[in-house]
Amino acid sequence: MGAGTLSERHGNAVERIPTPHRLVDWLAVNGLAVDSCTPAQLDLARELRESIHAAATAAAIHDALPASAVQVINDCSAQGRAAAILTPDGKRRWRLSSASCVEDALSVIAADAISIIAGERDGRLALCASPTCQAAFFDISQSRTRKWCDMNTCGNRQKKARFHANHGKNPRSGE
C-alpha cells in the first residue's frame with residue numbers, strides 16, 4: 001500500500017497531499033501519471049485513502065471490515081478503465097484512459113488494496129507499533145515480523161526514544 005499520505009508530526013496529522021497538483025505528482029512517482037486533477041478528484045482520492053486505511057486496519061486486527069469503506073473501495077475499483085500492459089522487458093505497466101485518468105489511477109490503487117486486504121498477496125497486514133502512528137502496512141519481510149510502517153521514520157523514532165530512556169537523557173535535549 002506504500003507510504004501513507006497523511007502522516008503524523010509531533011502527534012498532529014499532517015496532510016501530505018494538500019493540493020490537486022501534489023496528487024498528480026504522487027501518482028506519477030507511483031507509476032500512474034495523469035495530466036491533471038480537479039479538487040473533486042482530490043477529495044475522491046482522499047476518501048479512497050481513508051477507506052483503504054479503515055479496511056486495512058480492520059483486516060490487520062481481524063475485525064469486521066467497515067461497510068462504508070468497502071463501498072468506497074469497490075466503487076473506485078469499478079469506476080476506472082485502466083488496463084494492465086506488458087512491456088517489452090516483461091514488466092507490468094498501467095495504461096490509463098484519457099477521459100478519466102485520475103479515476104483510472106484510483107481504480108488501480110483500489111484493486112491493489114482489494115488484493116492485499118482479501119489476502120491474495122504473499123504478505124501480512126499489520127499496524128505500525130509506534131503509538132503516534134499505528135498506520136496499516138503490508139509486511140512482505142521474510143519473517144513477517146516487521147514492527148513499523150517505515151524504519152526510517154517510526155522505527156528510528158522508537159529506537160531513539162528507547163535509547164534515551166535507557167540512558168537517562170532527555171530526547172529533546174539535542175534539539
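**Helix α1**

I started with helix α1, residues 20–29, and looked up its buried residues: they are L23, V24 and L27. I then looked down the axis of α1 and found these buried residues within an arc of 105 degrees, so they line one face of the helix. That goes with a general point I keep in mind: an α-helix has 3.6 residues a turn, so residues three or four places apart point the same way. On the other side of α1, I noted H21 and V29 as exposed. What do the buried residues of α1 pack against? I get α2 and α4 as the partners. Just after the helix comes G31, and its phi is positive, near 75 degrees.

A reminder to myself: this is a predicted model.

**The overall layout**

Next I stepped back to the whole protein. I count five helices and six strands. Reading from the N terminus, I get the order β-β-α-α-α-β-β-α-β-β-α. Of the 175 residues, 33% are buried. I also checked how far apart along the chain the contacting residues are. Among contacts with a separation of 6 or more, 42% are between residues 24 or more positions apart.

**α2 against α4**

Both partners of α1 deserved their own entry. Two packed helices are described by the angle between their axes and the distance between the axes. For α2 (residues 39–60) and α4 (residues 101–117), I have an angle of about 0 degrees and axes 11 Å apart. That makes α2 roughly parallel to α4, since angles under 35 degrees count that way.

Which residues of α2 meet α4? On the α2 side I listed Q41, L44, A45, L48, I52, A55, A56 and A59. On the α4 side I wrote down V102, E103, L106, I109, A110, A113 and I117. Sorted by type, the residues of this contact come out as 13 nonpolar, one polar and one charged.

**A60 and what it touches**

I then went to A60, which is also in helix α2. Is A60 buried or exposed? Its relative accessible area is 15%, and the cut-off for buried is under 20%, so A60 is buried. Setting aside neighbours within four places in sequence, I find A60 in contact with L125, A126 and L127. I also looked at A136, 76 residues away from A60 along the chain, and the two C-alpha atoms are separated by 7.3 Å.

**β5 and β6**

A136 led me to strand β6, residues 136–139. Strand β5 (residues 124–127) pairs with β6 in the antiparallel sense, over four bridges. The bridge partner of L127 in β6 is A136. L127 is also one of the residues that A60 contacts.

Which way do the residues of β6 point? A136 and F138 go one way, F137 and D139 go the other, and all are buried. The general rule is that in a regular strand the side chains alternate between the two faces of the sheet.

**The β3–β4 hairpin**

My next stop was strand β3 (residues 83–86), which runs antiparallel to strand β4 (residues 92–95), with four bridges joining them. I checked one pair by name: A84 has W94 as its bridge partner in β4. The two strands form a hairpin with five residues between them. In that turn I noted G90, with a positive phi of about 80 degrees.

Past the hairpin, I looked up S97 in the loop between β4 and α4. It has 18% relative accessibility, so S97 counts as buried. Which residues does S97 touch, not counting those up to four places away in sequence? I found R81 and D104.

**Two residues with positive phi**

Last, I checked backbone angles. Most residues other than glycine have a negative phi, and most peptide bonds are trans. H62 is not a glycine, yet its phi is positive, near 60 degrees. I placed H62 in the loop between α2 and α3 (67–79), and it is exposed, with a relative accessible area of 75%.

R144 is another non-glycine residue with a positive phi, near 60 degrees. R144 sits in the loop between β6 and α5 (151–166). How accessible is R144? I get 22% relative accessibility, so R144 counts as partly exposed.

Notes: Residues are numbered from 1 along each chain as its sequence is written. This is a predicted model: local features need pLDDT of at least 70, side-chain atom pairs count only at pLDDT 80 or more; totals for chains, interfaces and linings use all residues. Side-chain values use heavy atoms; hydrogens and water are left out. Axes are lines fitted to C-alpha atoms, for helices over the stretch in contact, and angles run from 0 to 180 degrees between N-to-C directions. Angles under 35 degrees count as roughly parallel, over 145 as roughly antiparallel, 65 to 115 as roughly perpendicular and the rest as oblique. Contact means heavy atoms within 4.5 Å. Ala, Val, Leu, Ile, Met, Phe, Trp, Tyr, Cys and Pro count as nonpolar, Asp, Glu, Lys and Arg as charged, and the others, Gly among them, as polar. Two strands pair if DSSP finds at least two bridges between them. Buried means under 20% relative accessible area, exposed over 50%, partly exposed in between (1.4 Å probe, protein chains only). The arc is that of the directions from the helix axis to the C-beta atoms.
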